[in-house]
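Colleague: I've got this chain open on my screen and I'd like a close look at one part of it, the cysteines and the strands and core around them. Can you walk me through what's there?

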Amino acid sequence: MPTESAPRPVTVAVLGGGTVGTQVARLLTDRDTDLHIRMGTSLKLTKVAVRDLTKARDIDPQYLSDDAMAVATSGADIVVELIGGIEPAKSLIMAAIKAGSSVVTANKALLASDGASLYAAAEAEGVDIFFEASVAGAIPIVRVLQESLSGDHVTKIMGIVNGTTNYILTKMEEDGASFADALTEAQALGYAEADPTADVEGHDAASKAAILAELAFHTHVTREDVFCEGISNVSIEDIRAAKNMGCVIKLLAIAERMPDDSGVIVRVHPTMVPQEHPLASVRDAFNAVFVETEAAGELMFYGRGAGGAPTASAVLGDVVVAARNRLTGSTGWGESADVQYPVLPISEASTCYYVNLDVADRPGALASIAQAFADAGVSIQVVRQDGHGEGAGLIVRTHRASDGALQDTVNRLRKLSTVKAVVGVMRVEGEAGA
Ligand code: NAP
Ligand code: HSE
């Protein structure tokens with residue numbers, strides 16, 4: 001009788017040996033026994049490509065190479081791309097796919113810029129491309145949208161998907177830390193991108209929002225489709241005003257389908273969230289993704305969104321699935337951009353707003369301001385006034401209105417002699433019944 005032989009080891013080559021790559025190499029070697037039991041065979045690390053061989057790092061030197069293209073095209077079963085950025089990452093991934101390797105990547109910037117070409121190349125070659133770690137670090141949200149919720153209809157996603165900015169906002173709010181000090185700490189902890197502007201100005205979150213929206217709404221969405229505003233203009237005054245209104249400020253990535261199915265809107269911006277909303281309690285570098293669907297209702301996924309080991313956990317999960325597929329000669333879920341909703345501009349988004357005004361404290365001032373809101377078709381929910389004498393601070397919270405109408409209101413307010421300055425404007429999300 002023929003005896004069944006043990007499956008061959010699955011080979012894994014890693015491109016990048018930085019914050020995440022180092023942890024992936026460590027897990028691949030330390031967890032070999034567990035992975036063997038789970039898969040019935042070993043995952044064998046072959047090489048780790050880096051830029052600078054002389055740099056001190058926690059990777060056994062026998063694995064290191066400074067020839068990334070040779071590593072990418074070495075014919076490993078799985079190539080893990082952890083270099084980041086557009087080039088040379090894209091050429092390396094394309095070359096790995098052409099060489100017949102499945103690919104695992106955490107590169108949201110590349111996927112949000114040209115994921116479609118990578119997915120098409122993988123499909124043409126009959127290999128997998130997986131990217132769980134590209135959104136929200138350790139949180140398994142990509143597979144949830146691709147598989148678990150594939151029988152449901154997602155209506156809206158609101159996510160805290162950037163650890164660095166959530167860390168900064170938490171430190172500013174809770175410890176009164178300065179923006180610069182909090183950013184330096186986030187960089188030291190390995191949360192920030194190589195260029196932290198990508199975190200602070202919302203570009204990293206916008207790339208993740210594009211990936212989430214594409215998966216949720218089966219529609220091509222790229223980084224260019226995402227409205228993006230970062231946290232560099234969030235002031236201590238905004239944080240204080242939010243607290244006074246029972247809110248916290250979070251950088252949210254929001255992807256929503258219009259109620260009449262006319263399209264989807266994808267946006268990233270600082271947002272006031274009521275303290276009782278589940279997203280308000282997500283602190284430090286933690287991430288959370290709040291998903292609303294037609295059948296399941298509300299779901300929230302929470303966990304570590306940045307850092308070497310948490311991100312490596314998500315990478316390893318993809319590696320194991322890709323390895324199983326190699327052994328069985330199958331592939332997993334590919335791209336599902338089969339609906340193609342139009343992606344609408346932010347002006348069509350509907351939300352509540354907080355408007356902070358510096359006003360003249362004199363008879364009729366409030367009436368003129370209320371009229372500006374009314375003329376733009378924006379309904380006021382709450383008004384609070386502080387200060388007496390020459391000047392006063394006026395905080396207005398509106399009912400739901402379109403972004404376009406709010407912009408019109410702000411333009412009208414700026415022309416009033418009773419308004420000395422529009423000090424702050426921020427969108428408010430997550431209010432019950434708003
Ligand atoms: P990183 O610490 O900057 O590491 C990048 C690595 O790539 C370094 O080892 C670098 O080599 C290597 N590299 C750069 N250019 C190269 C080239 N031309 N050829 C060969 N190697 C090259 O980055 P990271 O934080 O690990 O992030 C990696 C990826 O994971 C990015 O796409 C990032 O967005 C994503 N990600 C990161 C996190 C996180 O928390 N850090 C979380 C989720 C996703 P040297 O070491 O020699 O310079
Ligand atoms: N720089 C990113 C963050 C890493 O701060 O969330 C995780 O993608």
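**Cysteines, strands and core**

Modeller: Let's start with Cys228, which is partly exposed, its relative accessible area being 22%. That value sits between the 20% under which a residue is called buried and the 50% over which it is called exposed, so Cys228 gets the middle label. Bear in mind throughout that this is a predicted model.

Cys247 is another story: with a relative accessibility of 3%, Cys247 counts as buried. If you were hoping for disulfides, there are zero in the structure. Cys247 is in none, and the nearest cysteine sulfur belongs to Cys352, 9.9 Å away. A disulfide here needs two cysteine sulfurs within 2.5 Å, so Cys247 and Cys352 don't make one.

Now follow the strand. β9 covers residues 247-257, and Glu256 is found in it. Glu256 has a relative accessible area of 10%, so it is buried. Its side chain has a partner, though: a polar contact of 2.8 Å links Glu256 to the side chain of Arg267. Setting aside neighbours within four places in sequence, Glu256 also touches several other residues, including Thr155, Lys156, Phe217 and Ala349.

Lys156 is a handy way into the next strands. Its bridge partner in β11 is Glu292. β7 (residues 154-160) pairs with β11 in the antiparallel sense, over six bridges. β11 itself spans residues 286-293, and six of its eight residues are buried, so the rest of the structure largely encloses this strand. β11 is also joined to β12 (residues 297-304), antiparallel again, by eight bridges. One place to spot that pairing is Phe286, which stands opposite Arg304 in β12. Three residues lie between β11 and β12, and the two strands form a hairpin.

Last, the nonpolar packing. The largest core has 77 residues, and Ile141, Leu145, Ile157 and Met272 are the ones with the most contacts inside it. The element that gives the most to this core is helix α10 (residues 203-217), with 10 residues. To see the packing up close, click on Leu145: beyond residues up to four places away in sequence, Leu145 touches Ser150, Val154, Ile157, Leu212, Leu215 and Ala216. There is a second, separate core too, made of 32 residues, with Val14, Tyr63, Leu82 and Ala323 among them.

Technical notes: Residues numbered from 1 in each chain as written. Chains lettered and ligands numbered in written order. Predicted model: local features only at pLDDT ≥ 70, side-chain atom pairs only at ≥ 80, totals over all residues. Heavy atoms only, no water. Buried < 20%, exposed > 50% of the residue type's maximum accessible area, 1.4 Å probe, protein only. Core = buried A, V, L, I, M, F, W, Y, C linked by side-chain atoms within 4.5 Å. Helix = DSSP H or I, 4+ residues; strand = E, 2+ residues; numbered from the N terminus. Contact = heavy atoms within 4.5 Å. Pairing = 2+ DSSP bridges. Polar contact = N/O pair within 3.5 Å; in protein donor to acceptor, adjacent residues only side chain to side chain.
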